[in-house]
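Q: I'd love a close look at a single part of this model. Could you walk me through it in one go?

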Amino acid sequence: MSRVYNFSAGPAVLPEEVLKEAMDEMMEYQGTGMSVMEMSHRSSAFQKIIDEAEADLRDLMNIPDNYKVLFLQGGAALHFASVPMNLMKNGVADYIITGQWAKKAYEEAKKYGKANAIASSADETFTYIPDCSDLPIDEDADYVYICQNNTIYGTVFHELPNTKGKTLVADVSSCFLSEPIDVEKYGVIYGGAQKNIGPAGVQIVIIREDLLRDDLPEYVPTMMNFKVQADKGSMYNTPPCYGIYICGKVFKWIKKRGGLEAMKKYNEEKAAILYDFLDQSKLFKGTVRKEDRSLMNVPFVTGDKDMDAKFVAEAKAAGFENLKGHRTVGGMRASIYNAMPIEGVEKLVEFMKKFEEENM
């Protein structure tokens with residue numbers, strides 16, 4: 001078996017230990033005589049899987065009892081609509097635009113009420129996080145929305161915005177479980193699993209109970225009603241069972257490694273190896289303002305499109321997959337999520353040094 005170093009932004013690398021466990025249980029799960037893929041979501045065996053997954057996630061993130069954890073489907077982008085549908089009481093929301101996904105969420109919210117773009121880094125192609133210490137928060141705003149880590153552009157909110165008492169909503173798809181966060185600072189935390197937690201198809205929503213409403217507009221689809229999903233324990237319909245099972249295994253893998261504090265330390269070590277090289281390289285350079293750099297997604301360029309293409313092609317031949325940057329940025333991007341081993345980053349930097357020597 002030959003596995004590559006997979007730097008994909010998502011679906012992304014999963015822990016080998018988890019994949020091996022899933023392989024061992026593929027045909028027959030713990031005495032049930034069937035695969036988890038074949039199992040009724042109403043069975044006691046699956047109920048135990050989802051209950052354990054939720055308990056482990058609550059433990060990892062110190063999620064307070066007054067927050068519900070939902071395992072949903074439909075893509076994180078579905079919540080660009082479900083957030084305003086569920087949270088807009090006054091019909092107003094404030095958005096901080098730090099990349100493509102925040103922009104798309106903002107555009108979607110306009111369909112359901114008044115969405116204000118109160119800060120943006122579009123003027124410099126989203127290469128920094130704007131100052132959010134004194135924002136023009138709308139008095140009627142039902143919430144303030146951020147995309148906490150910007151997968152495409154490689155920026156992250158190291159400090160949360162001052163929402164002046166308004167509910168904070170965060171899309172954390174690409175930084176989920178990469179470091180500790182204070183859940184109580186948010187009203188809603190949501191994200192797709194396919195970047196840092198599990199396979200595509202599972203979305204996790206963590207929502208404070210007081211934000212669950214009985215008085216939603218009639219046009220809100222039942223499937224997008226957070227209260228219905230919470231009341232039904234994520235089982236209004238068949239949930240993404242196998243994906244939840246894998247997520248549960250990843251939660252246990254993180255716990256075994258020491259939890260989110262240990263994960264943060266490991267991610268900082270990995271990112272430093274790559275950023276330190278980029279800062280001294282004569283060929284490659286990072287694209288993000290240093291103080292706003294993500295631990296998860298590292299975009300970089302040579303400044304020459306042909307050289308970038310040559311690098312991506314030669315890196316692929318050497319076993320480094322999915323390094324081509326997003327089409328809106330160009331260049332390269334290395335996504336170094338929790339499951340990317342430190343040796344993967346070390347070997348990438350070795351390869352980059354060699355490429356630099358041969359092409360300067």
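Which residues in α2 meet which residues in α6?

A: Happy to take you through it, bearing in mind that this is a predicted model. On the α2 side, the contact is made by Phe46, Ile49, Ile50, Glu52, Ala53, Asp56, Leu57, Asp59 and Leu60. Their partners in α6 are Cys241, Ile244, Tyr245, Gly248, Phe251, Lys252, Ile254 and Lys255. Sorted by class, the contact of α2 with α6 holds 11 nonpolar residues, one polar residue and five charged ones.

Now for the geometry. Two packed helices are described by the angle between their axes and by the distance between those axes. Here, helix α2 covers residues 44–61 and helix α6 covers residues 241–256; their axes come within 9 Å and cross at roughly 40 degrees. Because an angle between 35 and 65 degrees counts as oblique, α2 is oblique to α6. The crossing of α2 past α6 is left-handed.

If you step back along the chain from α2, you come to the loop that links α1 (16–24) to α2, and Glu28 lies in that loop. Glu28 has a relative accessible area of 33%, so this residue is partly exposed. Its side chain reaches the backbone nitrogen of Gly33 at 2.8 Å, and a polar atom of that side chain also lies 3.0 Å from the backbone nitrogen of Thr32. Leaving aside residues up to four places away in sequence, Glu28 touches Gly33, Met34 and Ser35. Glu38 is 10 residues from Glu28 along the chain, and their C-alpha atoms are separated by 9.7 Å.

Notes
Residues are numbered from 1 along each chain as its sequence is written. This is a predicted model: local features need pLDDT of at least 70, side-chain atom pairs count only at pLDDT 80 or more; totals for chains, interfaces and linings use all residues. Side-chain values use heavy atoms; hydrogens and water are left out. Axes are lines fitted to C-alpha atoms, for helices over the stretch in contact, and angles run from 0 to 180 degrees between N-to-C directions. Helices (H or I, at least four residues) and strands (E, at least two) are DSSP runs, numbered from the N terminus. Angles under 35 degrees count as roughly parallel, over 145 as roughly antiparallel, 65 to 115 as roughly perpendicular and the rest as oblique. A crossing is left-handed if the near helix is turned anticlockwise from the far one by less than a right angle, and right-handed if clockwise. Contact means heavy atoms within 4.5 Å. Ala, Val, Leu, Ile, Met, Phe, Trp, Tyr, Cys and Pro count as nonpolar, Asp, Glu, Lys and Arg as charged, and the others, Gly among them, as polar. Buried means under 20% relative accessible area, exposed over 50%, partly exposed in between (1.4 Å probe, protein chains only). A polar contact is a pair of N or O atoms within 3.5 Å; within protein, one must be able to donate a hydrogen and the other to accept it, and residues adjacent in sequence count only if both atoms are side-chain atoms.
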